[in-house]
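This report describes one protein chain, beginning with its largest pocket and moving on to the strands, the core and a few single residues.

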Amino acid sequence: MNADSTGRFFNAASGQGHSWIAARVPHQGRMCLLDSVLQASENGLLCAADSHRDPGNPLRQQGRLGAACGIEYAGQALHGALLAQAQGHAAPAGGMLVSVRAVTFHAARLDGVAARLLVSVLSDAVSGLTRLYRFTLHAENIHAGNIQAESGLLLLQGRAVVQLTPPRAPCVP
């Protein structure tokens, strides 16, 4: 992947909305939880979501959206990050979230958060088809017109390991 094509992809990903995300994650309808890509780089994504406030959110149990559901928000951003990194190369046939570790919950629920959720995923390591990411969920805090995830209320954080499925070889008749 050359720097020029990578830069064009990341510039194109930044600012994209729900339909763009839905075309790149396996979850559809209300299960596509992310609303927009705010920032994209070779090492990660910053996405925003309002779906935690939706009474019809499919992850709600007994009208509540527990903080552990934030892992699904991060998982969807991870999927987007994987596809972004695959630009210029054959896209992986799929992938699997194989572990989530060192998760710390700083809130019990997400449905009571009035602000948008900011979902940040950053690549820590790549080894073959295995990827290690750090993720955080913050309540949005707009300071002087700039979105700063780190300055908003931290809701949860952790690490995730993703195992990619190699691209399928083309069929030769």
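By class, the lining of the largest pocket is made up of seven nonpolar, five polar and one charged residues. In this count Ala, Val, Leu, Ile, Met, Phe, Trp, Tyr, Cys and Pro are nonpolar, Asp, Glu, Lys and Arg are charged, and the others, Gly among them, are polar. The model is predicted: local features need pLDDT of at least 70, side-chain atom pairs count only at pLDDT 80 or more, and totals for chains, interfaces and linings use all residues. Residues are numbered from 1 along each chain as its sequence is written, and side-chain values use heavy atoms, with hydrogens and water left out.

**The largest pocket**

The volume of the largest pocket is about 240 Å³. Of its 13 lining residues, Gly75, Gln76, His79, Gly95 and Leu97 are the closest to the centre. Helix α3 gives the largest share of the lining, six residues, and α3 and β3 (94-105) each supply at least two. A pocket is defined on a 1 Å grid over the protein atoms alone, as an open set of points where a 1.4 Å probe fits, with protein on both sides within 12 Å along at least five of seven lines; lining residues have an atom within 4 Å of a point. Grid points are joined across faces, edges and corners, and the volume is the space filled by probe spheres set on the points.

**Overall make-up**

The protein chain has three helices and eight strands, and from the N terminus on the order is α-α-β-β-α-β-β-β-β-β-β. Helices (H or I, at least four residues) and strands (E, at least two) are DSSP runs, numbered from the N terminus. Of the 173 residues, 39% count as buried; buried means under 20% relative accessible area, exposed over 50%, and partly exposed in between, with a 1.4 Å probe and protein chains only. Among contacts (heavy atoms within 4.5 Å) with a separation of 6 or more, 66% join residues 24 or more positions apart.

**Strand pairing**

Strand β4 (residues 117-127) takes part in two antiparallel pairings, where a pair requires that DSSP finds at least two bridges between the strands. With β2 (residues 44-49), β4 forms six bridges in the antiparallel sense, and Leu45 has Val121 of β4 as its bridge partner. With β5 (residues 130-139), β4 forms 10 bridges, again antiparallel; here Leu118 stands opposite His138. The hairpin of β4 and β5 has two residues between the strands, and Gly128 in this hairpin takes a positive phi near 60°.

**The nonpolar core**

Which residues of the largest nonpolar core touch the most other members? They are Leu34, Tyr73, Leu117, Val119 and Leu137, out of 34 residues in that core. Elements that each supply at least two of its residues are α2 (18-22), β1 (36-41), β2, α3 (70-86), β4, β5 and β8 (154-165). The largest share, five residues, comes from β8. A nonpolar core is a set of buried Ala, Val, Leu, Ile, Met, Phe, Trp, Tyr and Cys residues joined through side-chain atoms within 4.5 Å.

Leaving out residues up to four places away in sequence, Leu34 touches His18, Ile21, Cys47, Ala48, Ala49, Tyr73, Gln76, Ala77 and Val119.

**Single residues**

The table lists four residues with their places and relative accessible areas.

| Residue | Place | Relative accessible area |
|---|---|---|
| Gln39 | strand β1 | 45%, partly exposed |
| Gly94 | strand β3 | 24%, partly exposed |
| Gln62 | loop between β2 and α3 | 82%, exposed |
| Ala102 | strand β3 | 55%, exposed |

Gln39 and Ser120 are 81 residues apart in sequence, and their C-alpha atoms are 9.3 Å apart in space. Apart from neighbours within four places in sequence, Gln39 is in contact with Ser14, Gly44, Leu45 and Leu46.

For Gly94, the C-alpha atom is separated by 5.9 Å from that of Leu164, 70 residues away along the chain. Leaving aside neighbours within four places in sequence, Gly94 is in contact with Leu164 and Thr165.

The remaining two residues have backbone angles of note. Gln62 has a phi near 50°, a positive value in a residue other than glycine. Ala102, also not a glycine, has a positive phi of about 50°.
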